[in-house]
Amino acid sequence: METLRNWLLPLLLATGQGALMWPGVGPDSPPGAPALFGVVAALALETAALGWRRTAPVRALAWTLGAAVLGSLAWPDGYLALGPLIALYSVAVRCPVPVTVRAVAAGVGVEWVLAAVLWESRAAVLSDMAIALGVYLLCAGFGEARRQWLTGRLTAARRLAGAEHTRRLAGDQERRRLARELHDVSAHHLTSVVVTVDAAHRLQDSRPDLAAEALSFAERTGTETLTALQRLVGLLRDTDRPGHGPMSGRIEELVAGFGRLGRPVTARIPAGLAGPSAEAIHGIVREALTNALRYAPGAACRVIVRRAGGLLELTVENAPPRTASQAAGGLGAGHGLTGMRERAAAAGGELTAGPTREGGWRVRATLPDGAEPRSHEPGRRRDVLREQRLADPALALAAMILPVSFALALTEDWSAAARRSALPALLLVCGLLVLHALPLLWRRRAPWTVLGAVLATASLGPAAVVACHVPSRVAEFLVLGTLVETLAVYAVAGYGQGPGRTWPAPAAATLVTACAVTAMSCADGSVGDEPVGPGGAVLLAFVLSVPLAPVFTAVWGAGLFVRRRRLRALAYDDFAFAASMWQADRAAEAERQRLAATLRDAVLEHTRALVAAARRGDLAAVADTARAALAAMREMLHGLGGTAGGGGGPGGRLAPSPAVADLDALCAALRSAGRDVRVRGLVEAARELPPSVQVSVYRIVEAALGAGDLGPARVTLRRRRGTLRITVTGVRLAVAGPVAERLRVQVAAGEGRILCEPAGTLRVSLPVGVVPAPVQEVSP
């Protein structure tokens, strides 16, 4: 299908040009034998170049310009030279604005040189140059408008691909987040209890008073732990997230709580810490001080937070343990350092940790200061505004130039004396035509205002004709500006607010245009050398409105159709994005509910037993239940980490590797779910393929079809000269964003090539003569 689209238009152009060379169809003088050879060579070159306009548009434009020069020189009266216009449109669609501007300059320059060489009349040369400039600007404007639309669609596809990526990883991310929360809530309190009770038990002979203090601390801390876990269970049930409140006081309270455990802790915390970075600092400080309590009991600690250049710099450092035997190993779950790094990364920062030269431990984190204003947004906005739109200026310039160029062309048959005498009137008419088209520059921003300005300037024509005594053969050139009214009506239908209320636009354009043309025609009191009165003028205006009304109505309907189609596409994007985010929320909610149930059944029961043992005064039972609670917490954390990895079959056995033949079952499953997916060339492509290539092909097609598109898709497999070519159409969400990155990794693993077309077509070439590297499972 894509090949047909690439070659159909060039072949139609070649057929039309060939028909003009047939005697009696084209110009009166058909080309002779040498000219015929030149025209055929130009047609072949133009057709071949246009066939590659989608993949190499600039090169196609260069070759079509060469073909235009050759064909125009061989047959000036009959060679159409439409290839450069189509190639320029492709350049504007697929290349940035600076490249398009240079392409327009190159095309117009070639056309101007040809006009200067081929035509002797100055009026003909000027007319040809103006027409070439207007037509090239018009093609570039349409191409730029199409490029803007495709860019918006690609942005929406990337947004949707990101939402689909979030949906797929929502469960894993929620498990990791909940693991951090559980670790932060329980490990800090329970580790403190274990360390304190162990110290009291070890020193109970020399310091019997410590037992009572340890029991009191265990009861108090166990109650706090129980309250914190119950709060966590409540948060797991509640889908609303807590807001980001002030954190400086909470961090100071946290540090003071560790100081009450008997260790010297100093802190410098600036005021006004808030936002995600402040919350991340709170979690990092808690984890770092818990690790210091666990592995360096009794050692001095310091916590420093500094603001510098829009960043928050956190340092948590502890001295080495007093004795090696005091380190309470085996209490951790192995997630502390990883959790701290994840917290810093989630807030947009980074964290490092390692031993100091004195034998202690230092944790350093750098995070963005959420309390300070962002400074990069204005610069980003300037970068966006730097690339001005080409579509509206090009369209407005074309609407100015084309009527003027046609007016110049109509004066070619005039004598030199007639042109000199009519020159002031010609300049006035050309100025009115330019002023008439000028409002089109704002047709997207204020379409109704533009239509009003266009109709107002159209009414200036009759007044200028009467006031300046413009001859009727010059005044009739103002009719060429009717193109501007059609563009203004289309803008109202396509961009005006309330499409159901835009119906007066074609009616107003028909009435004003018919009246303006009638007034210009009757300015000297006659039409076609026949006198006309008021009744005749009214009749003429009615006659003119009969053909004008269907034209403006059709243009208005086309604008509404394009607008509806555009809004339907945007609504589909919004719906798909909302559906992906809803599924992500549901997956995260399922993980929260599962953890809440496990938390109630495991850790909460042990914590209640700890508080009860402390109230009974049983020091040994307190230590046992605290360790049991830590063990239950550790088991939950390992369970959360294990489910995040995924993969494997029952009992840990790996599922068999997929093959190309399994694509039929994959497409059948998608069809049963309501999506029309077809595959072609399966049997021939799967013959004698290496196993690693089979896996690569399956994974590539699976990733492309699983990107989140809902429309029909086609998968085509072809083998040619040791290469397997995979073409997947209808997968707009797979050609950009995380899915495209995943596909590039998979294709690179097979030593292949990949081409992602914005229209939603994926092209992959894989070598089958050599065994590619094994494909790794890469998260989208």
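Surface patches are made of residues with over 30% relative accessible area and no salt bridge, with like charges joined within 9 Å and nonpolar side chains (Val, Leu, Ile, Met, Phe, Trp, Tyr) within 5 Å. A salt bridge is a side-chain nitrogen of Lys or Arg within 4 Å of a carboxyl oxygen of Asp or Glu. The model is predicted, so local features need pLDDT of at least 70 and side-chain atom pairs count only at pLDDT 80 or more, while totals for chains, interfaces and linings use all residues. Residues are numbered from 1 along each chain as its sequence is written, and side-chain values use heavy atoms, leaving out hydrogens and water.

Arg680, Arg718, Arg720, Arg721, Arg725 and Arg753 form a positive patch on the surface (Lys and Arg count as positive, and the charge of Arg is placed at CZ). Arg720 belongs to strand S9, residues 713–720 (strands are DSSP runs of E, at least two residues, numbered from the N terminus). Its relative accessible area is 44%, which means that Arg720 counts as partly exposed (buried is under 20%, exposed over 50%, partly exposed in between, with a 1.4 Å probe and protein chains only).

A nonpolar patch is made by Leu435, Leu438, Trp442 and Leu460, together offering about 350 Å² of accessible area (Shrake-Rupley method, 1.4 Å probe, only the protein chains shown counting as cover for residues). Leu435 sits in helix H14, residues 423–437 (helices are DSSP runs of H or I, at least four residues), and is partly exposed because its relative accessibility is 39%.

Turning to Tyr136, this residue of helix H6, residues 122–202, is buried because its relative accessible area is 2%.
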